[in-house]
Amino acid sequence: MPHTHEPGKSPRVPTPAELEVIGLVPLLEPFFRVGAVRGQMPEKMREAMEANGLTARHGAVLPQLLSGGPLTVGEIARRLHVSLPTASELVGALNRAGMVTRTEDPANRRRILVSLADAYRPPLETFVARRSEPLLRALDALTPEERAGFLAGLTGWVREIRDSD
């Protein structure tokens, strides 16, 4: 049953099967705890984050550059679903910390490309590998069809969250 919320109307009450799924979401919270995240972070990364007052929002930029870099600030803003000024502030702080570099786009000199600093690529790769272990183990237990369904569900959920802002 589609879930389209119309202003002024009460949202639809979830079915028992949907409540089972909804009940799993809070169980993911330990994965996102700051202490757990920092504990898995390589020392070089953790020190740079702490010394420069960087937060999880700053950290969210880094994997985008690992998988898809270099990116423009606008592309980072779209990927993270933040405003252009917010993305610019995040990139500026990461640049001051030496974790990213900004270079002129050779194809369009008005555009700035943001890349992960070479010195932070290995620590970030280690961190991403550590953080992804539980997800990869869960995916290993799924059939290709189940993986496709899982991906479709997460993608849809992300889209709905982004579109609701």
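What follows is a chat between a student and a tutor about how the terms apply to this predicted model.

Tutor: Before we start, residues are numbered from 1 along each chain as its sequence is written, and side-chain values use heavy atoms, leaving out hydrogens and water. As the model is predicted, local features need pLDDT of at least 70 and side-chain atom pairs count only at pLDDT 80 or more, while totals for chains, interfaces and linings use all residues.

Student: OK, what makes a stretch of the chain a helix or a strand here?

Tutor: Both are DSSP runs numbered from the N terminus: helices are H or I with at least four residues, strands are E with at least two. The protein chain has 10 helices and three strands, in the order α-α-α-α-α-α-β-α-α-β-β-α-α.

Student: How do you know that strand 2 and strand 3 pair?

Tutor: Pairing takes at least two bridges found by DSSP between the strands. Strand 2 (residues 100-105) and strand 3 have six bridges and run antiparallel, so they qualify as a pair by the at-least-two rule. R102 stands opposite V114 in strand 3, and the two strands make a hairpin with two residues between them.

Student: Why is the link between D105 and R111 called a salt bridge?

Tutor: The term asks for a side-chain nitrogen of Lys or Arg within 4 Å of a carboxyl oxygen of Asp or Glu. D105 and R111 meet at 2.9 Å, N to O, so the pair fits the 4 Å limit. Searching the whole structure turns up four salt bridges. Among them are E18 with R12 at 3.0 Å and R147 with D140 at 3.5 Å.

Student: Why is D105 called buried?

Tutor: Buried means under 20% relative accessible area, exposed means over 50%, and partly exposed lies in between (1.4 Å probe, protein chains only). D105 has 7%, so it counts as buried. Its partner R111, at 37%, counts as partly exposed.

Student: And what about D140 and R147, buried or exposed or in between?

Tutor: D140 has 60%, so it is exposed. R147 has 35%, so it is partly exposed. For the E18 and R12 bridge, E18 at 24% is partly exposed, and R12 at 30% is partly exposed too.

Student: What makes a set of residues a nonpolar core?

Tutor: The members are buried Ala, Val, Leu, Ile, Met, Phe, Trp, Tyr and Cys residues joined through side-chain atoms within 4.5 Å. The largest one here has 28 residues, and M45, L62, L65, I76 and M99 touch the most other members. Helix 8 gives the largest share of this core, five residues.

Student: Which residues does M99 touch?

Tutor: Contact means heavy atoms within 4.5 Å. Leaving aside residues up to four places away in sequence, the contacts of M99 include M45, A48, M49, L54 and L62, as well as Y120.

Student: Why can L135 belong to a surface patch?

Tutor: A patch takes residues with over 30% relative accessible area and no salt bridge, joining like charges within 9 Å and nonpolar side chains (Val, Leu, Ile, Met, Phe, Trp, Tyr) within 5 Å. L135 has 41%, so it clears the 30% cut-off. This residue of helix 9 joins V25, F150, L154, W157 and I161 in a nonpolar patch with about 510 Å² of accessible area together. Helix 10 (residues 144-163) gives the most to the patch, with four residues.

Key: Accessible areas come from the Shrake-Rupley method with a 1.4 Å probe; for residues, only the protein chains shown count as cover.
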